[in-house]
Amino acid sequence: MSENITLPREDIIRWAREVEEYADTIYQKGEYHPGWLEVRDQRFAALVAAAEREACAKIADSQIENTAILLVNPGKSAAAWDIANAIRARGSK
């Protein structure tokens, strides 16, 4: 099982716009402030990390949904469930 995780270009562009708007709410729009870049970059990294976690969790979910695994190896299915939940839980820390 090797799945390629690719974030859609449209999402990345949308996030870039969103994080600039977010940084503008923290620091006054149009005025230079060195913290603006840090706020923008941290927010962008958080959005990308959340999308990456969800994509990974969906891969684990796909293993849970594979009924052949459930029948042949219930332990593997349980592990996939635990992995999906653990990946999603990382976002709440």
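The legends below go with a set of close-up views of this predicted model.

**Notes for every view.** This is a predicted model, in which local features need pLDDT of at least 70 and side-chain atom pairs count only at pLDDT 80 or more, while totals for chains, interfaces and linings use all residues. Residues are numbered from 1 along each chain as its sequence is written, and side-chain values use heavy atoms, with hydrogens and water left out.

**View 1. The whole chain is built from four helices and zero strands.** Helices (H or I, at least four residues) and strands (E, at least two) are DSSP runs, numbered from the N terminus. Read from that end, the elements run α-α-α-α. Of the 93 residues in the chain, 19% are buried; here buried means under 20% relative accessible area, exposed over 50%, and partly exposed in between (1.4 Å probe, protein chains only). The chain exposes about 6,900 Å², with carbon and sulfur atoms supplying 55% of that area. These areas come from the Shrake-Rupley method with a 1.4 Å probe, and for residues only the protein chains shown count as cover. Among contacts with a separation of 6 or more, 54% join residues 24 or more positions apart, a contact being heavy atoms within 4.5 Å.

**View 2. Helix α2 covers residues 34-64.** Follow its 31 residues from the first C-alpha to the last and you travel 46 Å, close to the 45 Å expected at 1.5 Å a residue. That expected span is 1.5 Å times one less than the number of residues. The buried residues of α2 include Trp36 and Val39, as well as Ala51, Ala57, Ile59 and Ala60. Asp61 and Gln63 are also on the buried list.

**View 3. Asp11, Arg14 and Glu18 are linked in a network of salt bridges.** A salt bridge is a side-chain nitrogen of Lys or Arg within 4 Å of a carboxyl oxygen of Asp or Glu, and a search of the whole structure finds four of them. Between Asp11 and Arg14, the closest N and O atoms are 2.9 Å apart. Arg14 also meets Glu18, at 3.2 Å from N to O. Why do these partners suit one another along the helix? Asp11 and Arg14 are three residues apart in helix α1 (residues 9-26), so about one helical turn separates them. Glu18 and Arg14 are four residues apart in α1, again about one helical turn. An α-helix has 3.6 residues a turn, so residues three or four places apart point the same way. Each member of the trio counts as partly exposed: Asp11 at 22% relative accessibility, Arg14 at 38% and Glu18 at 35%.

**View 4. Glu54 forms a salt bridge with Arg88.** The closest N and O atoms of this pair are 3.0 Å apart. Here the link is between distant parts of the chain, with Glu54 in helix α2 and Arg88 in helix α4 (residues 74-89), 34 residues apart. Both ends are partly exposed, Glu54 at 29% relative accessibility and Arg88 at 32%.

**View 5. Ala51 of helix α2 is in contact with Leu7 and Trp15.** Those two contacts are what is found once neighbours within four places in sequence are left aside. Ala51 is among the buried residues of α2. Asp11, familiar from View 3, is 40 residues from Ala51 in sequence, yet the two C-alpha atoms are 9.5 Å apart in space.

**View 6. Glu20 and Glu21 of helix α1 sit beside residues further along the chain.** Is Glu20 buried, partly exposed or exposed? Glu20 is partly exposed, with a relative accessible area of 37%, whereas Glu21 is exposed at 55%. Leaving aside neighbours within four places in sequence, Glu20 is in contact with Trp36 and Arg40. From Glu20 to Val39 the C-alpha distance is 8.9 Å, across 19 residues of sequence. Glu21 and Arg40 are likewise 19 residues apart, with 8.7 Å between their C-alpha atoms.

**View 7. Arg43 lies over the face of Tyr22.** Arg43 is 3.9 Å from the ring centre. A charge sits over a ring if NZ of Lys or CZ of Arg is within 6 Å of the ring centre and within 35 degrees of the ring normal.
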